[in-house]
Amino acid sequence: MELLNLLRPTVAVSWFLTFAAHALHRWPRHSARLRDDPAYAGPLVQEVRRFYPFAPFVGGRAVRDLSWAGHDIPAGTLVLLDIYGQNHDPALWPAPYRFDPERFVGREVDMFGLIPQGGGDVRTGHRCPGEDLTVTLLRRLVSCLVELDYRVPDQDLTIPLHRIPTRPRSGFVLTAT
């Protein structure tokens with residue numbers, strides 16, 4: 001289990017770093033802000049995790065009979081957590097389809113609001129135990145990324161939402177300049 005708790009965040013970091021490079025390429029003003037203010041890496045990383053669809057949903061089976069929002073869910077029923085929908089819900093995120101790291105400046109992350117790696121408390125809920133490691137590594141890596149001298153050659157950077165996990169169609173190719 002401990003090995004899995006190390007491998008999962010490593011995979012998550014590679015995917016989210018690709019999404020961060022995509023965001024910094026698509027909205028370059030954030031690169032300039034990050035160069036001027038290293039603390040901006042935290043909000044930028046959280047917005048990458050909110051905005052980009054690492055996995056659209058996670059599933060599990062109800063371990064007991066329960067009721068949610070007026071619906072009875074018998075034990076054994078497959079239940080899906082709509083991660084993409086939650087992270088783009090306008091009731092939780094104003095202008096949810098706008099990439100806006102400012103929404104995380106001075107804001108604590110709500111364990112039931114932002115759920116890119118599951119929700120709830122890591123000790124008692126369904127949240128990835130490697131999430132803190134993922135966030136820590138990403139903050140450092142995006143700070144390094146903006147210091148690199150590279151260009152992004154022409155490629156297909158569309159992100160298909162039917163692929164699980166998804167990523168830009170071309171990956172994200174950088175070339176040194």
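**Exercise 1. The nonpolar patch**

Task: Find which helix gives the largest share of the nonpolar patch in this predicted model.

Solution.
- Step 1. List the members: Met1, Leu3, Leu4, Leu6, Leu7, Leu133, Leu137 and Leu141 form a nonpolar surface patch of about 730 Å².
- Step 2. Assign them to elements: helix H1 (2-26) and helix H5 (131-145) are the elements that give two or more residues to this patch.
- Step 3. Compare the shares: H1 supplies the largest one, with 4 residues.

**Exercise 2. Leu6**

Task: Decide whether Leu6 is buried, exposed or partly exposed.

Solution.
- Step 1. Locate the residue: Leu6 belongs to helix H1.
- Step 2. Recall the cut-offs: buried is under 20% relative accessible area, and exposed is over 50%.
- Step 3. Apply them: Leu6 has a relative accessibility of 47%, so Leu6 counts as partly exposed.

**Exercise 3. Arg33 and Glu102**

Task: Describe the salt bridge between Arg33 and Glu102, and state where each partner lies.

Solution.
- Step 1. Check the distance: a salt bridge needs a side-chain nitrogen of Lys or Arg within 4 Å of a carboxyl oxygen of Asp or Glu. For Arg33 and Glu102, the closest N and O atoms are 2.2 Å apart.
- Step 2. Place the partners: Arg33 sits in helix H2 (residues 29-36), while Glu102 sits in the loop between helix H4 (83-87) and strand S5 (118-119). With their positions 69 residues apart, the pair links distant parts of the chain.
- Step 3. Classify the partners: Arg33 has a relative accessible area of 30% and is partly exposed. Glu102, at 38% relative accessibility, is also partly exposed.

**Exercise 4. Two salt bridges of helix H3**

Task: Work out how the Arg50–Glu47 pair and the Arg49–Glu131 pair are placed in the chain.

Solution.
- Step 1. Take Arg50 and Glu47: their side chains meet in a salt bridge with an N to O distance of 2.8 Å. Both residues lie in helix H3 (residues 41-51), 3 residues apart, about one turn of the helix.
- Step 2. Classify this pair: Arg50 is buried, with a relative accessible area of 0%, and Glu47 counts as buried at 0% relative accessibility.
- Step 3. Take Arg49 and Glu131: their side chains form a salt bridge at 2.2 Å, N to O. This pair links distant parts of the chain, with Arg49 in helix H3 and Glu131 in helix H5, 82 residues apart.
- Step 4. Classify this pair: Arg49 and Glu131 are both buried.

**Exercise 5. The network**

Task: State which residues are joined into one network by salt bridges that share partners.

Solution.
- Step 1. Name the members: Arg33, Asp37 and Glu102 make up one network.
- Step 2. Give the total: the count of salt bridges comes to 7.

Note on methods:
Residues are numbered from 1 along each chain as its sequence is written. This is a predicted model: local features need pLDDT of at least 70, side-chain atom pairs count only at pLDDT 80 or more; totals for chains, interfaces and linings use all residues. Side-chain values use heavy atoms; hydrogens and water are left out. Patches are made of residues with over 30% relative accessible area and no salt bridge: like charges are joined within 9 Å, nonpolar side chains (Val, Leu, Ile, Met, Phe, Trp, Tyr) within 5 Å. Accessible areas come from the Shrake-Rupley method with a 1.4 Å probe; for residues, only the protein chains shown count as cover. Buried means under 20% relative accessible area, exposed over 50%, partly exposed in between (1.4 Å probe, protein chains only).
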